Amino acid sequence: ILLTTDKEVADLTVKEIYSQVDSLFGTYKERFKIDDVLSTLKKHCKIIVHSDMDFLVKISNIFAPEHLELMVKDPDKVLPGIKNAGAIFIGDYTPVAAGDYICGTNHIIPTAGNARFSSPLGVYDFYKKSSVAYYSFEALKEEQKHIRVLSDFENLLAHKNSVEVRFKK
């Protein structure tokens, strides 16, 4: 998916994609599955041209790309608006391949738009955590009405009862 403010960039990108396909096929012959590539281009490639960069940032956040190449004049202005992307590569000289192999960005990143709610795999994914809660008598007494209402609403009567029995004499 290409999001751009410039129609000429869009047109040149299409030409370059097909030039690269021809070059790769010419170089790698049988190893390059040209039918698969052309089918993928036809089914899945999209170009959106719009004059408003903020609009394009919103579109990017909706797509929540696995890889985002941010190739803009002022990345410091655009980057804060990017909320949903697995890995972000800034500038003309930061290809995805640098992230996949060398520069240290995580290669295990959310796919299929899952960057809307998920992050790249990190050390905390291997850290076992537990939640711990403590209520005093006074604290539970203060909150009991809320627990009763919610457990009634969800029809979780044993939850409601687990609070009520604590206040029976």
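Ala64 is buried in the predicted model, with a relative accessible area of 1%. The residue lies in the loop that links helix H3 (53–63) to strand E3 (67–70). Its backbone is marked by a positive phi of about 50°, although Ala64 is not a glycine. Most residues other than glycine have a negative phi. A second positive value in a residue other than glycine occurs at Asn155, where phi is near 60°. Asn155 is likewise placed in a loop, here between helix H6 (137–153) and helix H7 (157–164). The two residues stand on opposite sides of the accessibility cut-offs: Ala64, at 1%, falls under the 20% limit and is therefore buried, whereas Asn155, at 56%, is over the 50% limit and so counts as exposed.

The secondary structure of the chain consists of 7 helices and 4 strands. Read from the N terminus, the order of elements is β-α-α-β-α-β-α-β-α-α-α. The series thus opens with a strand and closes with three helices in a row. Helix H6 and helix H7, which flank the loop of Asn155, belong to this part of the chain, as the final two helices of the 7.

The largest nonpolar core has 6 residues, namely Val57, Leu68, Leu70, Val78, Ile82 and Ala85. Val57 falls within the range of helix H3 (53–63), and Leu68 and Leu70 within that of strand E3 (67–70); these are the two elements on either side of the Ala64 loop. Contacts of Ile82, leaving aside residues up to four places away in sequence, are made with Val57, Ser60, Asn61, Leu68 and Ile88. Of these partners, Val57 and Leu68 are also members of the core.

For the chain as a whole, the radius of gyration is 26 Å, while a compact globule of 169 residues would have a value near 15 Å. Along the principal axes, the C-alpha atoms occupy a box of roughly 85 × 40 × 30 Å. Buried residues make up 19% of the 169 in the chain. When contacts between residues at least 6 apart in sequence are considered, 41% join residues at least 24 apart.

The exposed area of the chain is about 13300 Å², of which 57% is supplied by carbon and sulfur atoms. The chain carries 22 positive and 23 negative charges, and the mean positions of the two sets are 9 Å apart.

Technical notes:
Residues are numbered from 1 along each chain as its sequence is written. This is a predicted model: local features need pLDDT of at least 70, side-chain atom pairs count only at pLDDT 80 or more; totals for chains, interfaces and linings use all residues. Side-chain values use heavy atoms; hydrogens and water are left out. A nonpolar core is a set of buried Ala, Val, Leu, Ile, Met, Phe, Trp, Tyr and Cys residues joined through side-chain atoms within 4.5 Å. Buried means under 20% relative accessible area, exposed over 50%, partly exposed in between (1.4 Å probe, protein chains only). Contact means heavy atoms within 4.5 Å. The radius of gyration is taken over C-alpha atoms; the globule rule is 2.2 Å times the number of residues to the power 0.38. Accessible areas come from the Shrake-Rupley method with a 1.4 Å probe; for residues, only the protein chains shown count as cover. Lys and Arg count as positive and Asp and Glu as negative; His and the chain ends are not counted. The place of a charge is taken as NZ of Lys, CZ of Arg, CG of Asp or CD of Glu.
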